[in-house]
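Got your viewer open and a selection box ready? Load the model below and we'll walk through it stop by stop.

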Amino acid sequence: MYNQDKLINILKTSIGEKSLNEFARTSGVDAAYISRIINKVRTTPPSPKILERIANASHGIADYQELMQICGYTEQTLESNVSSIYNKIKEYHKYINNGKNDDDNFYEIEGFIENFQQYLYILEQNIVKKSKKPIFLEDIFDFAHVIENYKYIAGFILLYNEFLQLLQLEDYIDIINYTFIDCLNIDNIYNNLYTFEVLELLSLHSKNIVLKSFDNEFIKYINNFSHCLSLAHLKEFDNNTLIELFKKKSQNDTFNNNYIDDNNNPQYYMCPVYRSNFSWAT
């Protein structure tokens, strides 16, 4: 449970003789944001990222773990968060396949992941190159084959929703004018497939979602998110099963898994862990 009064006391003690603006500069947290907490205008707890900044600026008055407990958070790693998301993917895959989740269609889950990793790579390049070009769903999927792709589009949207919610929790983004799509209404998704072609996704200059942080820390975060997805999926298989999965997938290439790199060369990949676009971020 969020102990608002205790957090306020810690903030006041941490500020001490300094002005609010001085503490804000030291911590990297907006002064108006801190003021809203102290004056109880903001009633929800700060994100873990904000708490870490407050802890670093408190000069030992409070550590990060204490602030996490005060704000009602249980410590969760990115890997555990992505593992929970992966379990949702499996349940959703079963749902859109009428309760079936067997070897004959399990390769589709890998398709969900690969398509989303393709988006993460495009997002990374968009940020690194400081591009003003927006990213749309049509940059990920070939809408000339939209009917065949509808399951993968639905799976992508589920992953995108979960990704945005994590970024919101970590205080990386502000959602301005984006409405989360109801993935459980598969009929609505199927009937509106062509309208999703122009669905704008998060980018450096996206209109519906503001990216508050786009430094190396954020690049590291999206790379690690991608790798955690790969690991969560690969944990499902032993080596022999992986070989069989490759064989099945090579015979079921119905979704858009090819990507053109910056030199206009097609990139083919069968398992997310083998994508050359990503490097482990530490």
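Start by selecting Cys-183: this residue is buried, at 7% relative accessible area. Buried here means under 20% relative accessible area, exposed means over 50%, and partly exposed is anything in between, with a 1.4 Å probe and protein chains only. Now add Cys-71, also buried, with a relative accessible area of 4%. Don't go hunting for an S–S bond, though: a search of the whole structure turns up zero disulfides, a disulfide being a pair of cysteine sulfur atoms within 2.5 Å.

Before you click on, two housekeeping notes. This is a predicted model, where local features need pLDDT of at least 70 and side-chain atom pairs count only at pLDDT 80 or more, while totals for chains, interfaces and linings use all residues. Residues are numbered from 1 along each chain as its sequence is written, and side-chain values use heavy atoms, leaving out hydrogens and water.

Next, the salt bridges. How many does the structure hold? Six, counting a side-chain nitrogen of Lys or Arg within 4 Å of a carboxyl oxygen of Asp or Glu.

Select Asp-5 and Lys-40 for one of them: their closest N and O atoms are 2.7 Å apart. This pair links distant parts of the chain, 35 residues apart, with Asp-5 in helix α1 (residues 4-15) and Lys-40 in the loop between α3 (31-38) and α4 (48-57). Helices (H or I, at least four residues) and strands (E, at least two) are DSSP runs, numbered from the N terminus. Switch on a surface and you'll find Asp-5 partly exposed at 42%, and Lys-40 is partly exposed at 42% too.

Now jump to Glu-108 and Lys-151, whose side chains meet in a salt bridge at 3.4 Å, N to O. Glu-108 sits in helix α7 and Lys-151 in helix α8, so you're looking at a link between distant parts of the chain, 43 residues apart. Are these two buried or exposed? Glu-108 is buried at 6% relative accessibility, and Lys-151 is buried as well, at 17%.

Stay with helix α7, which covers residues 107-128, and pick Asn-126. Asn-126 is buried, at 6% relative accessible area. Show its contacts (heavy atoms within 4.5 Å): leaving out residues up to four places away in sequence, Asn-126 touches Ser-131, Lys-133, Ile-135, Ser-203 and Leu-204.

A short hop on is Lys-130, in the loop between α7 and β1 (135-136). Check its backbone: phi is positive, about 50°, although Lys-130 is not a glycine. Why flag that? Most residues other than glycine have a negative phi. Lys-130 is exposed, with 64% relative accessibility.

For another positive phi, about 65° and again not on a glycine, select Asp-171. Asp-171 lies in the loop between α8 (150-169) and β2 (173-175) and is buried, at 18% relative accessible area.

Keep Asp-171 selected and add Lys-212: their side chains form a salt bridge, 2.8 Å from N to O. Lys-212 is in the loop between β4 (209-211) and α10 (216-234), so this pair ties together parts that are 41 residues apart in sequence. Lys-212 is partly exposed, at 40%. Last click: add Asp-174, and you have the network of salt bridges that links Asp-171, Asp-174 and Lys-212.
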